[in-house]
Amino acid sequence: MLKGWKLKEIVLMSLFGVVFGIVYLLFLHIGNLWAGIIGPLAYEWMFGIWFIVSIISMYIIRKPGAALLPETLAAAIEVMLGNAIGPRLILSGIIQGLGAEAAFALTRYRHFHLAILMLAGAGAGVFSFVYGYFLSGYAALDPSFVALMFTLRVLSGAIIAGIGGKYIADSLLATGSLRGYAIAKAEKSDARA
């Protein structure tokens, strides 16, 4: 999967995986506090946070695997830092990464505009929801509540991960720290056109 990748791309993707593994664990605690206030829907509206590294990494690197690998690594880091879910969380990271990766694969890794980034965030939401549906017993809940959960998770993926991921990556690009990555090369070619 890493065939044709430059060392700096692997390092950046790994760095994102580690940083967002820490961020994800932090947001688990924030989610726990929020759920104590508003109930079980608390996590659904903020699920996009847990998909964001796949969007940022793919938007910058633009190669197959750039969504799946950092999402999986972030989940593994989160487990190593003490997430109580344990190794099952790594499978969740893989599934979320595959959901985001699927959107980019649909375009053959050629399009990285906002709509595709939002689709990737939504895809991570759909994949994670299907996995959660079977693992967490959502079938026992009222169908209208399950539909609301699904809608909130997909919207969170599209908005927080899609729009938020683009904003973070564009902000990094503006600092000049992403020179030599696909995102910077694409911006140069867009500027010439």
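Tutor: Start with the yardstick: the expected span of a helix is 1.5 Å times one less than its number of residues. Helices here are DSSP runs (H or I, at least four residues), numbered from the N terminus. The model is predicted, so local features need pLDDT of at least 70 and side-chain atom pairs 80 or more, while totals for chains, interfaces and linings use all residues. Residues count from 1 along each chain as its sequence is written, and side-chain values use heavy atoms, without hydrogens or water.

Student: How do you know that the length of α7 agrees with that yardstick?

Tutor: Helix α7 runs over residues 143-174, which is 32 residues, so it should span 46 Å. Its end C-alpha atoms lie 45 Å apart, and that agrees. What follows α7 is G176, with a positive phi near 90°.

Student: And what makes the reach of α4 fit its residue count?

Tutor: With 13 residues, α4 is expected to cover 18 Å, and from first C-alpha to last it reaches 19 Å, which is close.

Student: Why is α4 called largely enclosed?

Tutor: Because 10 of its 13 residues are buried, meaning under 20% relative accessible area with a 1.4 Å probe on protein chains only. Among them are P70, E71, T72 and E78, along with L68 and I77.

Student: Why are F20 and Y24 called a tilted pair?

Tutor: Rings of Phe, Tyr and Trp (its six-membered ring) pair if their centres lie within 6.5 Å; planes under 30 degrees apart are stacked, over 60 edge-to-face, and the rest tilted. By this rule there are 10 aromatic pairs. F20 and Y24 have centres 6.2 Å apart and planes at 55°, so they pair, and as tilted. Both sit in α1 (residues 7-38), four residues apart, about one turn of the helix, and both are buried.

Student: What makes Y43 and W50 tilted too?

Tutor: Their centres are 6.4 Å apart and their planes meet at 40°, so this pair also gets the tilted label. W50 has a relative accessible area of 9%, so it counts as buried.

Student: Which rings join into a cluster?

Tutor: Ring pairs link F129, Y133, F134, Y138 and F150.

Student: How do you know that the charge of R153 sits over a ring?

Tutor: The test asks for NZ of Lys or CZ of Arg within 6 Å of the ring centre and within 35 degrees of the ring normal. The charged end of R153 is 3.7 Å from the centre of the F47 ring, over that ring, so it qualifies. K8 lies over the face of Y181, 5.0 Å from the ring centre, so it passes as well.

Definitions and conventions
Helices (H or I, at least four residues) and strands (E, at least two) are DSSP runs, numbered from the N terminus. Buried means under 20% relative accessible area, exposed over 50%, partly exposed in between (1.4 Å probe, protein chains only).
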